[in-house]
Amino acid sequence: MRNWLKRYPLAKIPLCYFTLFYLPGFFLLERLVVPKYTIHCFLDDWIPFCEYFLIPYALWFPLLAGSLLYFLLKSDQDFLRLCFLMFVGMAICLLIYWILPNGLDLRPEIQRDNLFCRLMQFTYTVDTPTNVCPSIHVSSTTAIHWVVWHSPLLKNRRWIRWGSGVLTVLICLSTVFLKQHSVVDVACGILLTAVLIPVESLLRRRLARKQLVVE
């Protein structure tokens with residue numbers, strides 16, 4: 001592991017971020033923060049519960065890890081772009097959860113009996129309906145797709161770029177069909193990444209100009 005980190009020193013960024021900041025912060029908020037605001041809109045009432053969306057919902061976890069690993073190995077620039085969009089977005093979400101503690105009252109009583117329903121019942125027991133807006137699931141997925149779509153490495157790999165787009169849509173839909181999030185959470189998650197994209201581009205251009213001046 002030590003040798004691997006010497007070869008890929010940028011790997012310390014996600015390792016430190018998740019172990020020292022995000023995971024402790026997220027679970028601390030889950031335990032200590034009591035929701036004051038219930039997120040809901042009329043569209044939520046029109047969307048039925050569908051347990052089969054658990055498949056794309058669960059794919060978020062390997063997508064997050066796999067995208068970070070791929071760009072770490074292939075492109076420092078894309079990796080740093082993804083880290084900025086994803087990690088700053090997550091940090092802002094945690095800050096919002098702390099300042100404006102929010103939650104959901106959308107989860108149905110699951111009456112069907114199949115593997116996916118049982119898995120969702122377990123998910124509901126371990127994942128409280130709190131700290132939902134903006135959706136970290138959505139904001140980070142949107143960030144990954146943006147970097148995949150604009151990466152020079154994947155410019156000629158249309159099936160990867162379009163596949164990323166399809167998976168992004170499915171993951172976003174899964175959050176509302178599983179009643180893990182409101183449509184409001186999804187919209188705010190997308191908006192958060194959309195705001196961070198030009199910020200990242202501006203910072204990158206300024207850094208490039210400073211490097212040219214130094215040289």
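**Figure 1. Contact between helices H4 and H5 in the predicted model.** From H4 (residues 54–74), Trp60, Leu64, Ser67, Leu68, Phe71, Leu72 and Lys74 meet Asp76, Asp78, Phe79, Leu82, Cys83, Met86, Phe87 and Met90 of H5; contact means heavy atoms within 4.5 Å. By class, eleven of these residues are nonpolar, one is polar and three are charged. Ala, Val, Leu, Ile, Met, Phe, Trp, Tyr, Cys and Pro count as nonpolar, Asp, Glu, Lys and Arg as charged, and the others, Gly among them, as polar. The two axes come within 6 Å and cross at roughly 145°; axes are lines fitted to C-alpha atoms, for helices over the stretch in contact, and angles run from 0 to 180 degrees between N-to-C directions. H4 passes H5 in a left-handed crossing, where left-handed denotes a near helix turned anticlockwise from the far one by less than a right angle, and right-handed a clockwise turn. Helices are DSSP runs (H or I, at least four residues), numbered from the N terminus. Because the model is predicted, local features need pLDDT of at least 70 and side-chain atom pairs count only at pLDDT 80 or more, whereas totals for chains, interfaces and linings use all residues. Residues are numbered from 1 along each chain as its sequence is written, and side-chain values use heavy atoms, with hydrogens and water left out.

**Figure 2. Packing of helix H5 against helix H7.** H5 (residues 76–99) packs on H7 at an angle of about 165°, the axes being 9 Å apart. H5 is therefore roughly antiparallel to H7; angles over 145 degrees count as roughly antiparallel, those under 35 as roughly parallel, 65 to 115 as roughly perpendicular and the rest as oblique. The crossing of H5 and H7 is right-handed. On the H5 side, the contact is made by Asp78, Arg81, Leu82, Leu85, Met86, Met90, Cys93, Leu94 and Tyr97. H7 contributes Ile136, Ser139, Ser140, Ala143, Ile144, Trp146, Val147 and His150. Twelve nonpolar, three polar and two charged residues make up the contact of H5 with H7.

**Figure 3. Contact of helix H4 with helix H7.** The axes of H4 and H7 come within 10 Å and cross at roughly 40°, and the two helices are therefore oblique to each other. Their crossing is left-handed. Tyr57, Trp60, Phe61, Leu63, Leu64, Ser67 and Phe71 represent H4, and they meet Ile136, His137, Ser140, Thr141, Ile144, Val147 and Val148 of H7. Ten residues of the contact of H4 with H7 are nonpolar and four are polar, with no charged residue.

**Figure 4. Surroundings of Ser140 in helix H7.** Ser140 belongs to H7, which spans residues 136–150. With a relative accessible area of 1%, Ser140 is buried; buried means under 20% relative accessible area, exposed over 50%, and partly exposed in between (1.4 Å probe, protein chains only). The side chain of Ser140 reaches the backbone oxygen of His137 at 3.4 Å. Apart from residues up to four places away in sequence, Ser140 touches Trp60, Met86 and Met90.

**Figure 5. Environment of Arg81 in helix H5.** Arg81 counts as buried because its relative accessibility is 8%. When neighbours within four places in sequence are left aside, Arg81 is in contact with Val147, His150, Glu200 and Arg204.

**Figure 6. Backbone features of the loop between helices H6 and H7.** A cis peptide bond joins Cys133 and Pro134, with omega about 0°. Pro134 lies in the loop that runs from H6 (115–126) to H7, and Asn131 is located in this loop as well. Although Asn131 is not a glycine, it has a positive phi of about 55°. Asn131 has 5% relative accessibility and so counts as buried.

**Figure 7. Lys179 in the loop between helices H8 and H9.** The loop that holds Lys179 lies between H8 (158–177) and H9 (183–214). Phi of Lys179 is near 60°, a positive value in a residue other than glycine. Lys179 counts as buried, at 8% relative accessibility.

**Figure 8. Leu5 in helix H1.** H1 comprises residues 2–7 and includes Leu5. Leu5 counts as buried, at 18% relative accessibility. Not counting residues up to four places away in sequence, Leu5 touches Ala11, Lys12 and Leu15.

Technical notes: A polar contact is a pair of N or O atoms within 3.5 Å; within protein, one must be able to donate a hydrogen and the other to accept it, and residues adjacent in sequence count only if both atoms are side-chain atoms.
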